[in-house]
Amino acid sequence: MGDPAGPRRPYRNVARWIEKTGIDLLNMRREEAEAIFRRIGITFAVYGEGGDPERLIPFDMIPRIFSAAEWRRVSAGVKQRARALNAFLYDIYHRGEIMRAGIIPEHLVYRNEAFLPEMIGVEPPGRVYSHIVGVDIVRTDAEDFLVLEDNCRTPSGVSYMLENREIMMRMFPDLFSRAKVEPVDTYPDELKKSLAEVAPPACKGDPCIALLTPGPFNSAYYEHSYLADLMGIELVEPGDLFVDEGKVWMRTTRGPQQVDVIYRRIDDDYIDPLAFRPDSMLGVQGLFNAYRAGNVTLCSAPGAGIADDKAIYIFVPDMVRFYLGEEPILKNVQTWRCALQDDCAHVLDNLKDLVVKEVHGSGGYGMLVGPKATKEERKAYAERIKADPDNFIAQPTLNLSTSPTMGDEGLSGRHVDFRPYCLVGAETRLVPGGLTRVALKKGSLVVNSSQGGGVKDTWVLSE
Amino acid sequence: MEHRIRHLSTYSYDPAALRVALRLKLFPVDHEGQQVESWKVTVNDEEVSPLVFSDLGDREALWSSEDALDQLTITAEGIVSTRETNGIVRGMPGFAPPGIYIRETELTEPDEAIRALMGEATGDDTLSRLHALMGLIHERVKYLTGSTSARTTAADALKDGKGVCQDHAQLFIAAARTAEVPARYVTGYLQMEEETEELLETHAWAEAHVDGIGWVGFDPSHNLCPTERYVRLCSGLDAFGASPIRGNVLGETKESLEVSVAIGQSQQ
């Protein structure tokens with residue numbers, strides 16, 4: 001919130017509402033909200049942590065609010081980034097101009113695990129590779145928004161954006177009659193529109209779109225079924241699909257139906273045992289060749305993941321300049337690459353002030369938060385860095401903005417980040433909202449749901 | 001030289017496989033040293049045509065069974081004419097940048113011994129270093145049929161000092177890449193000099209990208225650059241990537257495979 005003199009302008013309406021409602025009542029309502037979440041089953045399984053796999057992500061009832069002006073900036077910046085990332089993907093799977101120009105070293109791309117040589121020369125419809133770009137944004141002062149990382153494969157969490165709003169509207173209808181909040185419930189329609197726009201050129205009429213899930217044991221299965229339901233498309237598992245004559249078919253009670261667009265929530269490695277991991281039990285045999293033949297569109301395109309690789313991240317502002325000829329609206333967080341000798345030395349010397357991450361890691365696992373770590377932990381981590389410096393990057397611990405959050409003893413500021421979901425089809429679209437994650441532990445900077453984070457509704461106020 | 005080729009692969013399943021899906025890279029493509037005169041691929045007598053051309057340089061086809069199968073016969077046959085190019089491969093379709101062939105794979109991950117081997121391969125320029133490397137591999141890794149498997153890595157082959165053409169090619173690739181020389185694995189056919197017709201499996205060798213020349217073939221098993229006796233079928237980052245046949249079998253079944261390649265000079 002920043003200003004100790006009182007809530008920032010966009011929050012005033014809500015501040016008055018909190019005051020009027022009273023903390024006790026709000027605490028009671030929080031329990032109600034949790035009960036609703038449990039009933040509808042929106043829980044989030046966490047890999048590698050043990051404990052309750054159906055743990056609920058705590059929901060905080062105080063919304064995180066963007067003014068219309070703030071949103072204009074965020075929105076323009078996110079769309080710009082999404083366009084640049086897709087241009088980058090097209091380029092590296094074709095002529096590689098950005099490497100020829102000496103902006104990104106060739107080996108960072110061609111040797112990257114997330115780079116798929118098999119995608120060389122493939123022309124995805126509309127030249128779109130990442131159809132849903134989740135951009136993780138933080139704020140460190142009143143002026144700037146910084147991007148922590150991009151998510152170009154299958155960013156999850158959008159169901160929370162929709163559910164959080166629904167719960168808020170259900171529980172506090174009068175709050176929405178006072179504040180002019182932009183709606184987010186258009187997201188499923190916009191997503192469907194974007195997916196339809198990238199149907200194979202050969203597809204005439206309404207494309208058949210399906211959401212491919214690994215199945216009910218996947219931690220995000222709820223989201224898969226929820227989104228498929230809202231879009232009115234089929235939710236399919238690998239066994240429901242097959243490839244024949246180079247086309248993809250879905251088994252239905254009325255016989256096979258050709259599928260034109262697949263919104264897949266299965267990783268590259270697993271989508272086709274004939275093209276990638278031969279031991280994959282989640283794949284559809286021949287899917288990749290059907291895709292390459294232009295008979296089906298996969299969203300996201302195989303190989304899109306390289307654009308969100310942490311080693312590539314530092315070049316995104318350069319991509320904006322190189323491909324779009326624009327200045328980046330959103331800045332990157334300063335990042336040191338341990339692959340570079342000088343950077344690595346700096347990181348090792350300043351471990352206690354830095355956050356160190358694995359280049360290919362995700363979800364907050366395997367990272368070191370310097371200031372919170374013990375001397376021993378830092379020492380052990382330093383050894384890991386020295387053993388494989390290429391695998392690590394480091395960033396300063398940021399003075400992250402806080403947002404008012406409910407605690408047992410009342411309201412207090414907690415660190416937040418924000419993930420909007422940018423849709424890329426023939427057009428680039430961004431629903432005014434996203435997922436605000438909040439570090440519920442006082443002083444904590446880690447907002448990942450797997451590490452004790454919670455979520456909030458996110459409001460974008462109308463003009 | 002004109003080659004008449006018949007490449008037969010017979011898979012048997014006991015009990016029958018419920019469903020078999022195949023990806024085939026069994027279609028040679030033209031380049032300056034090679035021209036495909038006629039070619040036909042069948043699976044259980046059903047003709048299969050390529051579905052896609054990959055810019056990595058291969059044409060690929062899919063095939064799948066709708067019914068249970070106890071036997072699968074894949075035949076690739078035709079006539080390919082070749083001419084001597086001193087191992088140089090030019091005029092291949094596809095525009096894959098050579099830079100991607102610096103990429104390591106599980107089978108070609110270099111260890112200290114491989115780096116040292118490349119260090120020993122000295123010469124005035126890249127080309128002569130690669131020739132030296134070919135000679136070193138030929139000398140250090142004895143050709144011994146059946147001594148390794150499809151999972152043997154380049155590092156293991158060097159350590160054990162024995163292998164087959166697959167191991168030679170992978171070792172060459174792994175070593176060349178440590179010197180930042182792009183290298184790829186090639187699967188193909190070889191007409192032996194001694195006999196007019198020889199029954200054998202497919203052959204394998206390596207290609208390295210040399211600045212100013214382009215792709216050049218190296219066959220460490222025979223310590224020579226491919227001649228007009230070599231017919232190029234497909235390529236990849238390693239032996240696995242250059243498998244002409246990849247299959248996915250549904251059902252609890254035991255698979256056995258018999259391969260034969262007949263290659264002879266066609267009647268002129």
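Domain bounds in this tour come from an automatic or database domain assignment. The model itself is predicted.

**Stop 1: the domains of chain A**

Begin by colouring chain A according to its domain assignment, which gives domain 1 (9–200 + 296–333 + 398–460), domain 2 (201–295) and domain 3 (336–396). Then place a marker at the centre of domain 1 of chain A and another at the centre of domain 3 of chain A, using C-alpha atoms; the two centres are separated by 25 Å.

**Stop 2: the largest nonpolar core**

Select A:F88, A:V109, A:Y187 and A:W459 next. The largest nonpolar core has 142 residues, and these four touch the most other members. Helix 3 (residues 68–92) of chain A supplies the largest share of this core, with 10 residues. At least three residues of the core come from each of domain 1 (9–200 + 296–333 + 398–460) and domain 2 (201–295) of chain A.

Centre the view on A:V109. Which residues is A:V109 in contact with, once its neighbours within four places in sequence are left aside? The partners in chain A are A:F88, A:I92, A:M99, A:I104, A:F115, A:I306 and A:I312, and B:R103 is also in contact with A:V109.

Another core, of 33 residues, lies apart from the largest one. To find this second core, select B:A176, B:V181, B:A204 and B:A206, which are among its members.

**Stop 3: a helix pair in chain A**

Packed helices are described by the angle between their axes and the distance between the axes. Show helix 6 (residues 158–171) of chain A together with helix 9 (residues 221–231) of chain A: their axes come within 9 Å and cross at roughly 70°. Helix 6 of chain A and helix 9 of chain A are therefore roughly perpendicular to each other, since angles of 65 to 115 degrees count as such. The crossing in which helix 6 of chain A passes helix 9 of chain A is left-handed.

Add side chains to inspect where the pair meets. Helix 6 of chain A contributes A:V158, A:S159, A:L162, A:E163 and A:E166. On the side of helix 9 of chain A, the residues are A:Y222, A:E223, A:Y226, A:L227 and A:L230.

**Stop 4: a helix pair in chain B**

Move to chain B and display helix 2 (residues 126–140) with helix 4 (residues 165–178). These two helices of chain B pack at an angle of about 140°, with their axes 10 Å apart. That angle makes helix 2 of chain B oblique to helix 4 of chain B. Helix 2 of chain B passes helix 4 of chain B in a right-handed crossing. The contact involves B:L130, B:L133, B:M134 and B:I137 from helix 2 of chain B, and B:H168, B:L171, B:F172, B:A175 and B:A176 from helix 4 of chain B. B:A176 has already appeared on this tour, as a member of the core of 33 residues.

**Stop 5: a buried alanine and a buried isoleucine**

Select B:A157, in helix 3 (residues 154–160) of chain B. Is B:A157 buried or exposed? At 0% relative accessibility, B:A157 counts as buried. Not counting residues up to four places away in sequence, B:A157 touches B:V141, B:T152, B:K162 and B:D167. A C-alpha to C-alpha distance drawn from B:A157 to B:Q170 reads 9.0 Å, across 13 residues of sequence.

Return to chain A for A:I57, in the loop between helix 2 (23–40) and strand 1 (59–66) of chain A. A:I57 also counts as buried, at 8% relative accessibility. A:I57 and A:S156 are 99 residues apart in sequence and 14 Å apart in space, C-alpha to C-alpha.

**Stop 6: backbone geometry**

Most residues other than glycine have a negative phi, and most peptide bonds are trans. The remaining selections depart from that pattern.

- Select A:C299 and A:S300: a cis peptide bond joins them, with omega about 0°. A:S300 lies in the loop between strand 10 (297–299) and helix 11 (310–313) of chain A.
- Select B:D14 and B:P15: the peptide bond joining them is cis, with omega about -10°. B:P15 lies in strand 1 (residues 2–17) of chain B.
- Select B:N44, in the loop between strand 3 (34–43) and strand 4 (46–47) of chain B. B:N44 is not a glycine, yet has a positive phi of about 45°; at 30% relative accessibility, B:N44 counts as partly exposed.
- Select B:D45, found in the loop between strand 3 and strand 4 of chain B. B:D45 is not a glycine either, and its phi is positive at about 70°; at 76% relative accessibility, B:D45 counts as exposed.

Key: Residues are numbered from 1 along each chain as its sequence is written. Chains are lettered from A and ligands numbered from 1 in the order in which they are written. This is a predicted model: local features need pLDDT of at least 70, side-chain atom pairs count only at pLDDT 80 or more; totals for chains, interfaces and linings use all residues. Side-chain values use heavy atoms; hydrogens and water are left out. A nonpolar core is a set of buried Ala, Val, Leu, Ile, Met, Phe, Trp, Tyr and Cys residues joined through side-chain atoms within 4.5 Å. Buried means under 20% relative accessible area, exposed over 50%, partly exposed in between (1.4 Å probe, protein chains only). Helices (H or I, at least four residues) and strands (E, at least two) are DSSP runs, numbered from the N terminus. Contact means heavy atoms within 4.5 Å. Axes are lines fitted to C-alpha atoms, for helices over the stretch in contact, and angles run from 0 to 180 degrees between N-to-C directions. Angles under 35 degrees count as roughly parallel, over 145 as roughly antiparallel, 65 to 115 as roughly perpendicular and the rest as oblique. A crossing is left-handed if the near helix is turned anticlockwise from the far one by less than a right angle, and right-handed if clockwise.
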